[in-house]
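Thanks for coming, everyone; I would like to walk you through one structure this morning, slowly and with the cut-offs stated as we go. Please have a look at the sequence and the model before I start.

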Amino acid sequence: MGLNASPRPHRTEDVESCYWLVSESVGNTEIRDPVSRVRTCAFWTTSTTPTFDNNFHHPSPELSTEAFAMADIDVKIAQWKLVEVGRVVLIRRGPFTGKLATIVEIVDHKRVLVDGPSTEEAKIVPRHVLPLSHATLTHFVIPKLPRAAGTGPVKKLWAQNEIDGKWAKSSIAQKADINNRRKNLTDFERFKVLRLRKQARFEVQKAHAKIRAAAPKA
């Protein structure tokens with residue numbers, strides 16, 4: 001016949017204090033096996049009404065099933081952008097700012113060897129060592145790229161995976177294109193943008209005024 005121990009506040013990390021609580025609850029019955037004490041302490045923390053068998057050495061099978069069921073958790077692995085051979089990076093600093101390149105070899109924990117054989121002549125990045133602090137990792141990866149591959153194989157795999165086309169459709173590239181267009185505007189074009197913004201703001205305010213006028217007054 002089993003005994004029910006009433007729940008008591010305790011610290012789960014303290015095995016001795018947990019053992020003292022269990023011993024007090026079951027009538028000062030001594031548990032000499034230290035493994036049993038640790039196991040009893042672990043199961044004590046999984047339920048408010050733990051049940052012990054006649055020997056007071058192991059918890060009942062019913063409590064064991066409950067404890068293992070509580071530990072059944074579905075863990076999903078995060079999708080990290082790793083520094084790896086084949087990873088496409090966006091250069092943020094230096095003479096090739098705004099251009100794409102792929103990692104062909106890892107020099108150390110701060111530098112990588114990159115090569116950017118783009119299909120467009122103006123976007124080609126020659127092979128050089130790039131600090132990781134000057135690059136931003138993208139979501140694109142060239143699969144099965146050999147380590148320290150030459151420019152020829154890199155260019156072939158670059159074209160097969162359509163890196164330039166995928167990059168042009170990404171949100172980062174579209175925002176960068178808008179910023180570049182704004183930087184290259186003339187004074188007259190900036191004036192036209194200013195007037196168009198004022199007209200758009202006026203139309204929005206006029207629509208809001210109509211809605212407020214049509215709304216019933218309290």
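Lys 144 sits in the loop between strand 7 and helix 4, the latter covering 151–160, where helices (H or I, at least four residues) and strands (E, at least two) are DSSP runs numbered from the N terminus. Its phi is positive, about 60 degrees, although Lys 144 is not a glycine, and with a relative accessible area of 83% Lys 144 is exposed. By exposed I mean over 50% relative accessible area, by buried under 20%, and by partly exposed anything in between, with a 1.4 Å probe and protein chains only.

Before going on, I should say that this is a predicted model, in which local features need pLDDT of at least 70 and side-chain atom pairs count only at pLDDT 80 or more, while totals for chains, interfaces and linings use all residues. Residues are numbered from 1 along each chain as its sequence is written, and side-chain values use heavy atoms, with hydrogens and water left out.

Glu 162 also has a positive phi, near 55 degrees, in a residue other than glycine. Glu 162 belongs to the loop between helix 4 and helix 5 (163–169), and its 54% relative accessibility counts as exposed.

Stepping back to the whole chain, the protein has 7 helices and 7 strands, and along the sequence they follow the pattern β-α-α-β-α-β-β-β-β-β-α-α-α-α. Of the 218 residues in the protein, 27% are buried. If we take contacts, meaning heavy atoms within 4.5 Å, and keep those with a separation of 6 or more, residues 24 or more positions apart account for 47% of them. The accessible surface, from the Shrake-Rupley method with a 1.4 Å probe and, for residues, only the protein chains shown counting as cover, comes to about 15,600 Å², of which 57% belongs to carbon and sulfur atoms.

Now to the strands, where pairing requires that DSSP finds at least two bridges between the two. Strand 3 (residues 87–91) is joined to strand 4 by 3 bridges, and the two run antiparallel; here Leu 90 stands opposite Leu 100 of strand 4. Strand 4 (residues 100–106) runs antiparallel to strand 5 as well, through 4 bridges, and these two form a hairpin with 4 residues between them. Within that hairpin, Glu 105 has Leu 113 as its bridge partner, and Thr 102 has Asp 115. Strand 5 is in turn joined by 5 bridges to strand 6 (residues 125–131), again antiparallel, with Arg 111 partnered by Pro 131.

How enclosed are strand 4 and strand 5 by the rest of the structure? In strand 4, 6 of the 7 residues are buried, so that strand is largely enclosed, and in strand 5 (residues 111–116) 5 of the 6 residues are buried, so the description of largely enclosed applies there too.

On charges, I will begin with a general remark: side chains of opposite charge can pair when their charged atoms come close. Taking a salt bridge as a side-chain nitrogen of Lys or Arg within 4 Å of a carboxyl oxygen of Asp or Glu, the structure holds 7 of them. One joins Asp 115 and Arg 127, at 3.3 Å from N to O; since Asp 115 lies in strand 5 and Arg 127 in strand 6, the pair ties together parts that are 12 residues apart in sequence. Asp 115 is buried at 2% relative accessible area, whereas Arg 127, at 32%, is partly exposed. Another links Arg 87 to Glu 84, with the closest N and O atoms 2.9 Å apart; Arg 87 is buried at 5%, and Glu 84 is partly exposed at 28%.

Arg 87 appears once more around Thr 138, a residue of strand 7 (residues 135–141) that is buried, with a relative accessible area of 6%. Leaving aside neighbours within four places in sequence, Thr 138 is in contact with several residues, among them Arg 87, Leu 90 and Trp 167.

My last item is Phe 188, which is placed in helix 7 (residues 187–214) and counts as exposed at 56% relative accessibility.
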